[in-house]
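Reader: I should like to examine one part of this protein closely, namely its aromatic side chains and their surroundings. Please set it in the context of the whole chain.

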Amino acid sequence: MCYPFFGMNEGRFDPLKKSGLFEEMSWKMKIYRAKDYEAMSVKAASLLFAQVMLEPRSVLGLATGSTPIGMYRCLVEWYRAGRLDFGDVTTINLDEYCGLAPDDPQSYASFMRENLFRHVNVKGEDVHIPNGLAKDAKAECARYDEIICRSGGIDMQVLGIGHNGHIGFNEPGDCFQKDTHCVALSDSTIAANRRFFERESDVPRRAYTVGIRTIMRARRVLVLASGLQKAAIVKEAFWGPVTPRVPASILQFHGDVTLLCDDEALSLV
Ligand code: GLP
């Protein structure tokens, strides 16, 4: 299903305003400005900390990329200090490269193990990441959606944002893809992720990602962005029209989004 294009923040859509929906939606987007990457990471970790403290059986939707690394570092520190318990938490990762084994150092499974899972007491059976080596892509997507459904849905979804507005690996397109799917990565995403691989030809061309429906159904969404190189896309995604050409823009329609950026990432708004 394709969603129509809206220009929610352009002030041209009076019917939305009259219905109260406009106020409702803009009201609920909380924007926090942190002075730098470290401060952003501490604030992000604090939100996850509160989530897990209040609901120890939380289902956390987790992201990879360089942006959340500082947040994971804080969580590990707080776990080691005895302040946090992941024993009843379930985690559902957003995405994984096709063709990479979970023990491949470039896989997102390895990323999560190194940055969080091996340092805390989350149970192996409660950790979920798409299987990059699955033989049948369609079956793997269905399996993953089933896991999400059985978990009862995501309580707090952490997201980074790609330079082209992708969330997870939901790439710009003509419509929003609802369910977990296998996606051909765009040239700009391949170029952006090149830095993690030895050669450009090593960067996988395809990936599994949860769909936009899963993200939109999360009870709370936390979007992180850091650095000047994210300033333009942050402005476009959250202050521009809602369009599948900028997948993150759909979050303007989510009822409980927190946008947490450092000064540089908010420098254009
Ligand atoms: C990858 C991930 C995304 C992530 C994005 C941004 O493509 N699939 O989940 O948000 O990169 O990464 P970074 O935080 O390194 O800028």
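Which residues form one aromatic cluster?

Author: One aromatic cluster is formed by Tyr97, Tyr108, Phe169 and Phe197. The model is predicted, so local features need pLDDT of at least 70 and side-chain atom pairs count only at pLDDT 80 or more, whereas totals for chains, interfaces and linings use all residues. Residues are numbered from 1 along each chain as its sequence is written, and side-chain values use heavy atoms, with hydrogens and water left out.

The aromatic pairs may be taken in turn. Across the whole structure, a search finds seven aromatic pairs. Rings of Phe, Tyr and Trp (for Trp, the six-membered ring) pair if their centres lie within 6.5 Å; planes under 30 degrees apart count as stacked, over 60 as edge-to-face, and the rest as tilted. One of the pairs joins Tyr79 and Phe86: the ring centres are 6.3 Å apart and the planes meet at 55 degrees, so this pair is tilted. Tyr79 is partly exposed, at 24% relative accessible area, while Phe86 counts as buried at 3%. Here buried means under 20% relative accessible area, exposed over 50%, and partly exposed in between, with a 1.4 Å probe and protein chains only.

Within the cluster, the rings of Tyr97 and Tyr108 have centres 4.8 Å apart and planes at 45 degrees, so they too make a tilted pair. Because Tyr97 belongs to strand β4 (residues 95-97) and Tyr108 to helix α5 (residues 108-115), the pair ties together parts that are 11 residues apart in sequence. Helices (H or I, at least four residues) and strands (E, at least two) are DSSP runs numbered from the N terminus. Both rings sit on buried residues: Tyr97 has a relative accessible area of 1%, and Tyr108 has 10%.

Next, the nonpolar packing. In soluble globular proteins, nonpolar side chains tend to be buried together. The largest nonpolar core has 66 residues, of which Met71, Leu75, Leu116, Phe238 and Leu251 touch the most other members. Helix α3 (residues 37-54) provides the largest share of this core, seven residues. Another core, of 10 residues, lies apart from it and includes the cluster members Tyr97, Phe169 and Phe197, together with Leu100. A nonpolar core is a set of buried Ala, Val, Leu, Ile, Met, Phe, Trp, Tyr and Cys residues joined through side-chain atoms within 4.5 Å.

Leu75 shows how the 66-residue core is assembled around one of its members. Leu75 is placed in helix α4 (residues 69-80) and is buried, with 3% relative accessible area. Leaving aside neighbours within four places in sequence, Leu75 is in contact with Ala45, Leu48, Phe49, Leu84, Phe86 and Leu116; contact means heavy atoms within 4.5 Å. Phe86, the partner of Tyr79 in the tilted pair, is thus among the residues that Leu75 touches. Between Leu75 and Leu48, 27 residues apart in sequence, the C-alpha to C-alpha distance is 8.3 Å.

Phe169 of the cluster also leads to Thr189, which touches Asn164, His166, Phe169 and Glu171 when residues up to four places away in sequence are not counted. Thr189 is found in helix α7 (residues 187-193) and counts as buried at 1% relative accessibility. Its side chain makes a polar contact of 2.7 Å with the side chain of Glu171 and another of 3.0 Å with that of Ser186. A polar contact is a pair of N or O atoms within 3.5 Å; within protein, one must be able to donate a hydrogen and the other to accept it, and residues adjacent in sequence count only if both atoms are side-chain atoms.

His166, touched by Thr189, in turn places a polar side-chain atom 2.9 Å from an oxygen atom of the ligand. For Ser66 the corresponding distance is 2.7 Å, and for Arg195 it is 2.7 Å. The protein covers 96% of the 390 Å² of accessible area that the ligand has on its own.

For the chain as a whole, there are nine helices and 10 strands, and buried residues make up 52% of its 269 residues. Of the contacts in the chain with a separation of 6 or more, 79% are between residues 24 or more positions apart.

Definitions and conventions:
Areas by Shrake-Rupley, 256 points an atom, 1.4 Å probe, with all protein chains shown as cover.
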